[in-house]
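Let's take a walk through this chain, sheet by sheet, and see what sits where. Keep the 3D view open while you read.

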Amino acid sequence: MSSTTPLLDVSGLTKHFPIKGGFPIRRTIGAVQAVDGLDFQVAEGESLGLVGESGCGKSTTGRLITRLLEPTGGRISYRGEDITHAGRRQLKPIRSEIQMIFQDPYASLNPRQTVGKIISGPMEINDIHPAGGREARVRELLEIVGLNPEHYNRFPHEFSGGQRQRIGVARALALEPKLIVADEPVSALDVSIQAQVVNLLQKVQRDLGIAFVFIAHDLAVVRHFSQRVAVMYLGRIVEIADRDDLYGNPRHPYTRALLSAVPEATVQDEGVAGRERIRLVGDVPSPINPPTGCRFRTRCWKATEKCATEAPPLVQVEGNKPGHLTACHYPETADVPATVPAPRLAKDPETAA
Ligand SMILES: Nc1ncnc2c1ncn2[C@@H]1O[C@H](COP(=O)(O)OP(=O)(O)OP(=O)(O)O)[C@@H](O)[C@H]1O
């Protein structure tokens, strides 16, 4: 791997789930276009946030990257190696380098296993014998994630929600991964606990140099954690940029709407004290039969005829920082978007002054 090869390189990534129907012979009658042609990269040690409304394909993307799902099309390269359709044997060494943290810390931990057993599980499966032994390594991991190493023999039900997610983090760290895909890692937690877990993940990312794909619908959480952010809408990335550039100078109408307000029933641009508030019309269309051209056009107040026939690719837009890409026709003639207010994340009681 050369120094310029990204850790993860995804191009044209697509996942269509077939829909079966018909009687007496069942056959494929359509497809849910969950993910449709994603292009993005993650550098070593970098954190990329993946944000968008429910159903836009974030989890599917996470499961494709970790190869829990087989892609329908496109390509996934990990450290320069094509793993798009890798079989078990090819994936084995890679599986330990790419780990996943799930949303629900209750469901993802075996209630009948002790914490020690849960965290050492991945080491056993991969036949890894750390210097000093597995138990010592588990105790070290417990300390890293802010839990008491003396709780090695306790069971998941003896911990709070936030502590259980810390156990999930310790388990993900057991094999010294290079990339962690965290799928809504804090959305099942109490708001007061969310910041603690986000801070833990940030510490892990910084101190251990682990790259993250951080999936969340909560813009405040993503902003807090990610260096770069990709915004998804109906299976596609509509905008991707460095965090501050994206939040400070959003270019795609959907990003602007997402940042400015919770979508409501009518389109309205309100110039409130120099800040715009945008309300979107209607619901997200079905991924079974998405709009032609730009998938956002049915809800976009900037849409033109061109948007119905041409699917805009991700392109650099003049006036934005390099690497700030948007999939929209309109910025060519756009006014400079107003800055939208920064969403706030609840303060971490541990770190709040
Ligand atoms: N196994 C599956 N079979 C059929 N359709 C699926 C399957 N998994 C996901 N989908 C559909 O694919 C689309 C994208 O789902 P996905 O879970 O990736 O979205 P998401 O952005 O993570 O949303 P959420 O935050 O609600 O999980 C949705 O329409 C969903 O219903």
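What follows covers the annotated domain, the two sheets, the ligand shell, one helix pair and a couple of backbone oddities.

**Getting oriented**

First off, this is a predicted model. According to the UniProt record, an unreviewed entry, residues 8-259 carry the annotation "domain: ABC transporter". Over that stretch the chain is 36% helix and 28% strand, and the C-alpha atoms at its two ends sit 27 Å apart.

**The four-stranded sheet**

Start with the open sheet whose four strands come in the order S2-S1-S4-S5, with antiparallel pairing. At its edges you'll find S2 (27-42) and S5 (81-82), each of which pairs on one side only.

S1 and S2 are antiparallel and joined by twelve bridges. If you want a spot to check this pairing by eye, look at Phe-17, which stands opposite Val-32 in S2. The two strands make a hairpin with five residues between them, and Gly-22 in the turn has a positive phi of about 100°. The loop between S1 and S2 also holds Pro-24, and the peptide bond leading from Phe-23 to Pro-24 is cis, with omega near 5°. That is worth a second look on screen, because most peptide bonds are trans and most residues other than glycine have a negative phi.

S1 (residues 8-21) also pairs with S4 (residues 73-78), again in the antiparallel sense, this time over five bridges. Here Ser-11 stands opposite Arg-75 in S4. Further on, Arg-79 is placed in the loop between S4 and S5; this residue isn't a glycine, yet its phi is positive, at about 50°.

**The eight-stranded sheet**

Now for the other open sheet: eight strands in the order S6-S7-S8-S3-S9-S10-S14-S13, with mixed pairing. S6 (98-101) and S13 (315-316) are the edge strands; each has a single partner strand, so one side of each has no neighbour in the sheet. Between S10 (residues 236-242) and S14 (residues 325-326) there are two bridges, and these strands run antiparallel. Glu-239 has Thr-326 in S14 as its bridge partner.

Which strands does H1 touch when it packs on this sheet? They are S3 (47-51), S6, S7 (179-183), S8 (211-216) and S9 (228-233). H9 (residues 253-260) packs on the sheet as well, touching S9 and S10.

H1 (residues 58-65) has a foot in the other sheet too: it lies across S1, S2 and S4. Here is how the helix directions compare with the strands:

| Helix | Strand | Angle between directions |
|---|---|---|
| H1 | S2 | about 75° |
| H1 | S8 | about 155° |
| H9 | S9 | about 100° |

**Around the ligand**

How many residues surround the ligand? There are 13, and the closest are Phe-17, Ala-34, Ser-54, Ser-59 and Thr-60. H1 turns up again here, since its three residues are the largest share of the shell. S2 and H1 each supply at least two residues of that shell. By class, the shell has five nonpolar residues, seven polar ones and one charged one.

**A helix pair**

Last stop: H3 (residues 115-125) and H5 (residues 161-173). They pack at an angle of about 30°, with 7 Å between their axes, and their crossing is right-handed. On the H3 side the contact uses Val-115, Ile-118, Ile-119, Gly-121 and Pro-122, which meet Ile-167, Ala-170 and Arg-171 in H5. Sorted by class, that contact comes to six nonpolar residues, one polar and one charged.

Conventions
Residues numbered from 1 in each chain as written. Predicted model: local features only at pLDDT ≥ 70, side-chain atom pairs only at ≥ 80, totals over all residues. Pairing = 2+ DSSP bridges. Contact = placed C-beta atoms within 7 Å. Axes fitted to C-alpha atoms, helices over the stretch in contact; angles between N-to-C directions. Near = placed C-beta within 6 Å. Nonpolar A, V, L, I, M, F, W, Y, C, P; charged D, E, K, R; others polar. UniProt positions renumbered as here; feature names shortened; annotations may be inferred. Left-handed = near helix turned anticlockwise from the far one by under 90°.
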